[in-house]
Amino acid sequence: MFDHAHYARLGLEKTYERVLAGTRLTPEDGEALFACPDIHAVGALAFHARARLHGDKTYFVRNRHINYSNVCVNNCRFCAFRRDTGDDGAFTLSREDIVARALDDGGHPFAEIHVVGGCHPDLSLAWFEEVFRALKDVRPRAILKAFTVAEIHHFARQEACGTEAVLRRLKNAGVAMLTGGGAEIFNPEVRRRICPEKISGDDYLRIAGEAHGLGMASNCSMLFGHIESHKDRVMHLCALREQQDKSGGFKCFIPLAFQPRHNELARELENESARAGLQTDTGLDRLRTIAVARLLLDNIPHIKAYWVMLGVKTAQAALHFGADDLDGTIMEEHIGHMAGADAAQALTRRELEDMIRGCGLTPVNRDALFNPLPKENFQEARA
């Protein structure tokens with residue numbers, strides 16, 4: 001790491017001292033880290049914080065993503081995934097389709113089954129309860145991670161009940177964890193522009209807290225790289241940190257890089273950038289955002305380098321900028337790819353382990369709750 005004098009020259013003397021002492025950073029520290037001209041100095045602080053928590057351990061999971069439908073009652077302007085019923089490209093999986101995907105594991109069962117989709121106008125909560133019980137019947141050892149808090153809110157409106165009642169029903173059906181998506185950016189003005197029909201940031205935090213109170217874990221997220229400011233990012237991260245102080249159930253933070261293709265917001269920003277001669281997104285900004293997240297989120301144990309959104313090479317670099325998790329094998333993913341993500345649809349366990357070792361770090365095979373798995377579990381041929 002750089003020395004005290006270097007950080008003092010950058011105006012980060014107090015930030016540097018707080019990081020080394022392991023004390024909480026302020027929002028002002030976060031803004032200063034975003035403004036710092038030396039990204040390597042920011043990354044070094046984040047790697048120090050990561051190493052203090054995890055050493056050289058880097059996590060991955062053998063998982064299956066199942067996007068059950070892209071039909072959605074909301075119309076978020078950044079989303080290239082959603083469709084109306086009957087549109088070209090609209091799809092909805094049957095219960096049999098979903099179960100078949102969970103069984104299609106090549107004889108090496110998934111540790112995590114990740115179910116997420118649009119807020120479908122016709123699929124009921126009872127239908128999903130049947131789906132999850134069927135999944136637990138055929139894959140009892142897999143941890144079910146399902147739904148964003150926006151979907152939880154959607155079911156509550158369908159059922160004319162509270163969100164906590166929805167969560168209780170899902171827990172009873174076998175769901176152990178929420179996925180964490182849907183946070184976007186909490187700033188209300190930005191939210192009104194990019195996802196006017198979606199629940200508020202306050203509702204996101206409230207529902208996550210309800211899940212934690214029931215003993216359900218969750219991840220949390222932030223969509224960045226569109227119209228938000230660095231201050232918006234900092235305040236978003238601090239709001240997640242405050243909720244974690246209250247309810248303690250966030251396992252991992254997922255920084256989701258905006259995919260600038262095939263959606264309404266992307267077309268708008270492309271036109272604005274063309275007029276202004278601006279660059280809209282850079283790999284360095286993605287790495288800096290991950291680093292600042294690691295430094296501010298002192299009470300959330302894991303930071304994900306989600307290779308689907310970042311790309312494999314940037315995800316590897318992110319492991320030296322504070323991230324300690326690569327997500328997993330995925331197998332099939334539609335949400336990011338329909339918005340232009342050009343990463344592969346799947347990675348094997350061997351590819352994930354090689355990515356991690358190639359960064360000089362030690363791979364740890366985990367379950368959805370970040371419990372390390374014994375080496376004899378979920379073995380996969382390395383040939």
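# A tour from the parallel sheets to the buried core

Begin by selecting Phe 60, whose bridge partner is Asn 365 in strand 10. The model on screen is a predicted one, and the stops below move from this residue pair outward to the sheets, the helices and a few single residues.

**The sheet of three strands**

Extend the selection to strand 1 (residues 57-61) and strand 10, which pair in the parallel sense over five bridges. Another pair to pick out here is Lys 57, which stands opposite Thr 362 in strand 10. Strand 10 itself is mostly covered, since four of its five residues are buried.

Now show the whole sheet: three strands, in the order 9-1-10, form an open sheet with parallel pairing. Strand 9 (325-328) and strand 10 (362-366) are its edge strands, each of them pairing on one side only. Viewed along the sheet, neighbouring strands are turned against each other by 25 degrees on average, with direction ignored. Add helix 16 (residues 349-358), which packs on this sheet and touches strand 1, strand 9 and strand 10, while its direction makes about 165 degrees with that of strand 1.

**The sheet of seven strands**

Turn next to the other open sheet, in which seven strands follow the order 2-3-4-5-6-7-8, again with parallel pairing. Strand 2 (63-67) and strand 8 stand at the edges with a single partner strand each, so that one side of each is left without a neighbour in the sheet. Within the sheet, select strand 3 and strand 4, which run parallel and are joined by four bridges; Ile 113 stands opposite Leu 144 in strand 4. Then display helix 10 (residues 201-213), which lies across strand 5, strand 6 (217-224) and strand 7 (250-257) and runs at about 160 degrees to strand 6.

**Helix 6 and its cover**

Where do the buried residues of helix 6 fall when seen down its axis? Select helix 6 (residues 125-138), whose 14 residues should span 20 Å at 1.5 Å a residue, which agrees with the 20 Å between its end C-alpha atoms. Colour Leu 125, Phe 128, Glu 129, Val 131, Phe 132 and Leu 135, the buried residues in helix 6. Seen down the axis, the buried residues of helix 6 fall within an arc of 160 degrees, so they line one face of the helix. To see what covers them, add elements including helix 5 (95-103), strand 3 (112-116), strand 4 (143-146), helix 7 (149-159), helix 8 (163-172) and strand 5 (175-178).

**Helix 3 and Gly 43**

In helix 3 (residues 27-35), select Asp 29, Gly 30, Leu 33 and Phe 34, which are buried. These residues cover an arc of only 140 degrees around the axis, which puts them on the same side of helix 3. On the face turned away from that buried side, look for the exposed residues Glu 28 and Ala 35. The cover over the buried residues of helix 3 includes helix 2 (13-21), helix 4 (39-54), helix 11 (230-247) and helix 13 (283-296).

Stay with helix 4 and centre on Gly 43, which has its place there and counts as buried at 4% relative accessibility. Leaving aside neighbours within four places in sequence, Gly 43 is in contact with Ala 291, His 320 and Phe 321. A distance label between the C-alpha atoms of Gly 43 and Gly 283 should read 13 Å, although the two residues are 240 residues apart along the chain.

**The core, Phe 253 and His 302**

The largest nonpolar core has 107 residues, of which Phe 132, Leu 135, Phe 147, Tyr 204, Leu 240 and Phe 253 touch the most other members. Select Phe 253, and, not counting residues up to four places away in sequence, the residues it touches include Met 222, Leu 237, Leu 240, Ile 300 and His 302.

Move on to His 302, found in strand 8 (residues 302-303) and buried at 7% relative accessibility. Among its contacts beyond four places in sequence are His 54, Tyr 59, Lys 251, Arg 294, Asp 324 and Phe 370.

**Two positive phi angles**

From His 302, step to its contact Phe 370, which lies in the segment after strand 10 and has a positive phi of about 70 degrees although it is not a glycine. Is this residue buried or exposed? At 8% relative accessibility, Phe 370 counts as buried.

Finish at Ala 160, in the loop between helix 7 and helix 8, where phi is near 55 degrees, a positive value in a residue other than glycine. Ala 160 is exposed, with a relative accessible area of 74%.

Technical notes. Residues are numbered from 1 along each chain as its sequence is written. This is a predicted model: local features need pLDDT of at least 70, side-chain atom pairs count only at pLDDT 80 or more; totals for chains, interfaces and linings use all residues. Side-chain values use heavy atoms; hydrogens and water are left out. Buried means under 20% relative accessible area, exposed over 50%, partly exposed in between (1.4 Å probe, protein chains only). Contact means heavy atoms within 4.5 Å. A nonpolar core is a set of buried Ala, Val, Leu, Ile, Met, Phe, Trp, Tyr and Cys residues joined through side-chain atoms within 4.5 Å. The expected span of a helix is 1.5 Å times one less than its number of residues. The arc is that of the directions from the helix axis to the C-beta atoms. Two strands pair if DSSP finds at least two bridges between them. Axes are lines fitted to C-alpha atoms, for helices over the stretch in contact, and angles run from 0 to 180 degrees between N-to-C directions.
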